[in-house]
Amino acid sequence: MVTEISAVNFRQHLEEMLNQVQYRHDNVVINKDGKPVAVLVDARLFERMRRMQSRFNTICQRIEEGFSEIPESGGLAEIDATVASERSST
């Protein structure tokens, strides 16, 4: 479950919010001036997110290395041509 709370209320109910995250594995979105500024998540979920970010960065780096020989303009032109071809066939 996701709970949204203002920063002022979050400070007032910190212990309750920590319990929600720790024991119920809820997420708490903290808003300031009506806009989300932070999220409190379970430590296990955060660790999974960190591992996923690391894997994502590794994949991006491999893709960049694999296509390093192709000029960006050439790659974009190839993508545009493929999209146009697919659109015309449907």
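This is a short tour of a predicted model, with a selection to make at each stop.

**Stop 1: strand S1**

Select residues 2-6, which form strand S1. Show the side chains and look along the strand. Thr 3 and Ile 5 point to one face and are buried. Val 2, Glu 4 and Ser 6 point to the other face and are not buried. The side chains of S1 therefore alternate along the strand.

**Stop 2: strand S2**

Add residues 27-32, strand S2. S1 and S2 pair in the parallel sense, over five bridges. To see one place where the two strands meet, pick Ser 6, which stands opposite Asn 31 in S2. Is S2 largely enclosed or largely in the open? Five of its six residues are buried, so S2 is largely enclosed by the rest of the structure.

**Stop 3: strand S3**

Keep S2 on screen and add residues 35-40, strand S3. S2 and S3 run antiparallel and are joined by five bridges. Asn 31 is again a useful marker: its bridge partner in S3 is Pro 36. Asn 31 thus has Ser 6 opposite it in S1 and Pro 36 as its partner in S3. How many of the six residues of S3 are buried? The number is zero, so S3 lies largely in the open.

**Stop 4: the turn between S2 and S3**

Now select Asp 33, in the loop between S2 and S3. The two strands form a hairpin with two residues between them, and Asp 33 takes a positive phi near 55° there. Most residues other than glycine have a negative phi. Asp 33 is a residue other than glycine, yet its phi is positive. Asp 33 is also exposed, with a relative accessible area of 74%.

**Stop 5: helix H2**

Select residues 14-24, helix H2. Which side chains here are buried? Met 17, Gln 20 and Val 21 are. These residues cover an arc of only 90° around the axis, which puts them on the same side of H2. An α-helix has 3.6 residues a turn, so residues three or four places apart point the same way. Turn to the other side of H2 and you will find Glu 15 and Tyr 23, which are exposed. To see what covers the buried residues of H2, display S1, S2, S3 and helix H1 (7-12), which are included in that cover.

**Stop 6: the residue after H2**

Step on to His 25, which follows H2 and lies in the loop between H2 and S2. His 25 has a positive phi of about 60°, although it is not a glycine. What is its relative accessible area? The value is 40%, so His 25 is partly exposed.

**Stop 7: the largest pocket**

Finally, select Phe 67, Ile 70, Pro 71, Glu 72, Gly 75, Leu 76, Glu 78 and Ile 79. Together these residues line the largest pocket. The space in this pocket is about 190 Å³. Colour the lining by class: there are five nonpolar, one polar and two charged residues. Gly 75 is counted here as polar.

Methods: Residues are numbered from 1 along each chain as its sequence is written. This is a predicted model: local features need pLDDT of at least 70, side-chain atom pairs count only at pLDDT 80 or more; totals for chains, interfaces and linings use all residues. Side-chain values use heavy atoms; hydrogens and water are left out. On a 1 Å grid over the protein atoms alone, a cavity is a set of points where a 1.4 Å probe fits but cannot get out, and a pocket is an open set with protein on both sides within 12 Å along at least five of seven lines; lining residues have an atom within 4 Å of a point. Grid points are joined across faces, edges and corners, and a volume is the space filled by probe spheres set on the points. Buried means under 20% relative accessible area, exposed over 50%, partly exposed in between (1.4 Å probe, protein chains only). Helices (H or I, at least four residues) and strands (E, at least two) are DSSP runs, numbered from the N terminus. Two strands pair if DSSP finds at least two bridges between them. The arc is that of the directions from the helix axis to the C-beta atoms. Contact means heavy atoms within 4.5 Å.
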